[in-house]
Amino acid sequence: MSCAIHARGLVYLYPNGHAALAGVDLHIAHGERVALLGPNGAGKTTFVLHLNGLLTGQGSLEVAGLEVVKENMREVRARVGLVFQDPDDQLFMPTVREDVAFGPLNMGLDRAEVDARVDEALRAVRMTAAIDRAPYQLSMGERRRVAIATVLAMRPKLLVLDEPSANLDPRARRELLDVLERIDRTMLVVTHDLPFASELCERAVIISAGTIVADARCDEILSDAALLGEHDLELPAGFDPARVERRPRPFDDRRPRATLGSLS
Amino acid sequence: MLGLLAVTLVAITTPFPLWPVWVGCATVMAIIAAGARIPARTIWRRARVILPLVLFVAVFIPFFRKGGEEWSVGPVTVSEEGLQTLLAICAKATIGTVSAVILGATTTFPDVLRALDALRVPRLFTLIAAFMYRYLFVIVDEVQRMRAALASRGYRPRRAWQVGAFGRVVSALFLRSYGRGERVYLAMLARGFGGVMPQLDTLAFRRADGLFVALVASSLVAFRVALGAAT
């Protein structure tokens, strides 16, 4: 099964007529890790909400081998794991265990399978010890990792992260990278954090004013200061994209493979 | 857990002349508290928050309730029935509060919610309570941040019109919470929410729990019925 994204001429108008997406064409192949960059209000989050059918615009969108239309919605949402920017929005159940189980239960899995999924997902983000804690007792970095576990438990084909490194201190940010690099999934990472993108993703796409304005290798895009400046993106002072060592992929065999499900 | 509910129910349904039942309730609660190793100070500290409010209301009853003998204390009259009601309310309120405190000290809130579910309380109520529990702390955090922001800009309301700023804080809070509600709903949809909240564990109601409830409830109910029959 393909876990690619194919968007063709995707248009979304806000009720006031403002075009949040003005014809997005984006193709992401199976197994890619892509950073979606862009200034505030460029339509990044709007695009991401389309991938899960939470917003529907004009044009065609195919995700993980399925047309995103009403009839497929249940299956689409099971295949696309969407991690929201604020973990407090994502974690709404009284305990971590219940929250991680929420998705699998909605998929109608039986109890033993749900327990196995919860365990597997929490292990993948190294949060097993927090299983009976309440989300508000966790630090921001821990909450973020649990939020990722809540979608991993659904074994999505495609992982979409909205600003995963926002509000994290450097250490929590590094731990998040450690966790993400082992997850063997097609990944779309929406971010402002260019160093984060360059460590994790090999390809970057810039979206600006509702259209894709650049699509190339991550290091090429980040070395193009003029392009970045044009779209209100900026590298931290002293940061040299050429000297970034990209995180290895789980299938590089340089590190143990992630044990999460099978990527079919 | 459920036994404490029984204690409260029995206590509430007991009319004044059967006052020994209240002693029975208190004894049972004392045993439970001792068994769970809850220090008396904890119970007292927590009960102190609620009790004065309840008792404050009760204090006025003897002066308004008519019936039985009446005595005049200066300008006001006190009725016998009123005094009985006062005592009854005090006893019931204390028993109810303390049993709630014991429940709070022995059981985590998620467990209470699951217990309510198991007792077939409508899902809507338990869901509202669950979300309240989850987001109360988030909202309290937000309020504290806003208060800090106000205070750090020298906001110290002295005059009535300065309260306006506080009103705006409240409305900002409402808007933020509303926006968060929408985002939470999106997050639920994104994980396949279809209108029905899935249930992870119905609480394992073990034999020991059944025994506990049966013991507490039956002994108290029996006590209550026996006394009721005697009078």
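What follows is a walk through the two chains of this predicted model, starting with how confident the prediction is.

Chain A comes out with a mean pLDDT of 86, and 93% of its residues reach 70 or more. There is a weak spot, though: over residues 253-264 of chain A the pLDDT is below 50. That stretch still has 21 contacts in the model beyond near neighbours in sequence. Where pLDDT is low, the predicted coordinates aren't something to read in detail.

Now for the sheets of chain A. One of them is an open sheet of 6 strands, lined up in the order E6-E7-E8-E3-E9-E10, and its pairing is mixed. At its edges sit strand E6 (80-83) and strand E10 (211-217) of chain A, each of which pairs on one side only. On average, and ignoring direction, neighbouring strands of this sheet are turned by 15 degrees against each other.

Strand E8 of chain A, residues 186-190, is a good place to look inside this sheet. It is mostly covered, with 5 of its 5 residues buried. Both of its faces are covered: A:Thr186, A:Leu188 and A:Val190 are buried on one side, while A:Met187 and A:Val189 are buried on the other. As for partners, strand E3 (residues 33-37) of chain A runs parallel to E8(A) and is joined to it by 4 bridges. Here A:Val34 stands opposite A:Leu188. Strand E7 (residues 158-162) of chain A also runs parallel to E8(A), this time with 5 bridges, and A:Asp162 stands opposite A:Val190. To get from E7(A) to E8(A), the chain passes through helix H7 (residues 170-181) of chain A, making a right-handed β-α-β crossover.

Further along the sheet, strand E9 (residues 203-208) of chain A and E10(A) run antiparallel and are joined by 6 bridges. In that pair, A:Val205 has A:Asp215 as its bridge partner. Helix H1 (residues 44-51) of chain A packs on the sheet, where it touches E3, E6, E7, E8 and E9 of chain A. The direction of H1 makes about 150 degrees with that of E7(A).

Chain A also has an open sheet of 4 strands, in the order E2-E1-E4-E5, with antiparallel pairing. Strand E2 (19-28) and strand E5 (66-67) of chain A stand at the edges with a single partner strand each, so one side of each has no neighbour in the sheet. Within this sheet, strand E1 (residues 5-13) and strand E4 (residues 58-63) of chain A pair over 5 bridges in the antiparallel sense. A:Ile5 of this pair stands opposite A:Val63.

Chain B is built from 9 helices and 2 strands. Starting at the N terminus, its elements run α-α-α-α-β-β-α-α-α-α-α. Of its 231 residues, 19% count as buried. Among contacts in chain B between residues at least 6 apart in sequence, 68% join residues at least 24 apart.

Finally, how do the chains meet? In the model, 28 residues of chain A are in contact with 23 residues of chain B. On the chain A side, helix H2 (73-79), helix H3 (87-90), helix H4 (96-106) and helix H6 (140-152) each supply at least two of the touching residues. The largest share comes from H4(A), with 7 residues. Sorted by class, the side of chain A that touches chain B has 15 nonpolar, 6 polar and 7 charged residues.

Definitions and conventions. Residues are numbered from 1 along each chain as its sequence is written. Chains are lettered from A and ligands numbered from 1 in the order in which they are written. This is a predicted model: local features need pLDDT of at least 70, side-chain atom pairs count only at pLDDT 80 or more; totals for chains, interfaces and linings use all residues. Two residues are in contact if their C-beta atoms, placed from the backbone, lie within 7 Å. Ala, Val, Leu, Ile, Met, Phe, Trp, Tyr, Cys and Pro count as nonpolar, Asp, Glu, Lys and Arg as charged, and the others, Gly among them, as polar. A residue is buried if 20 or more other C-beta atoms lie within 10 Å of its own, exposed if 12 or fewer, and partly exposed in between; C-beta atoms are placed from the backbone. Two strands pair if DSSP finds at least two bridges between them. A crossover is right-handed if, with the strands pointing away from the viewer, the path from the first strand over the helix to the second runs clockwise. pLDDT is the predictor's confidence in each residue, from 0 to 100. Axes are lines fitted to C-alpha atoms, for helices over the stretch in contact, and angles run from 0 to 180 degrees between N-to-C directions.
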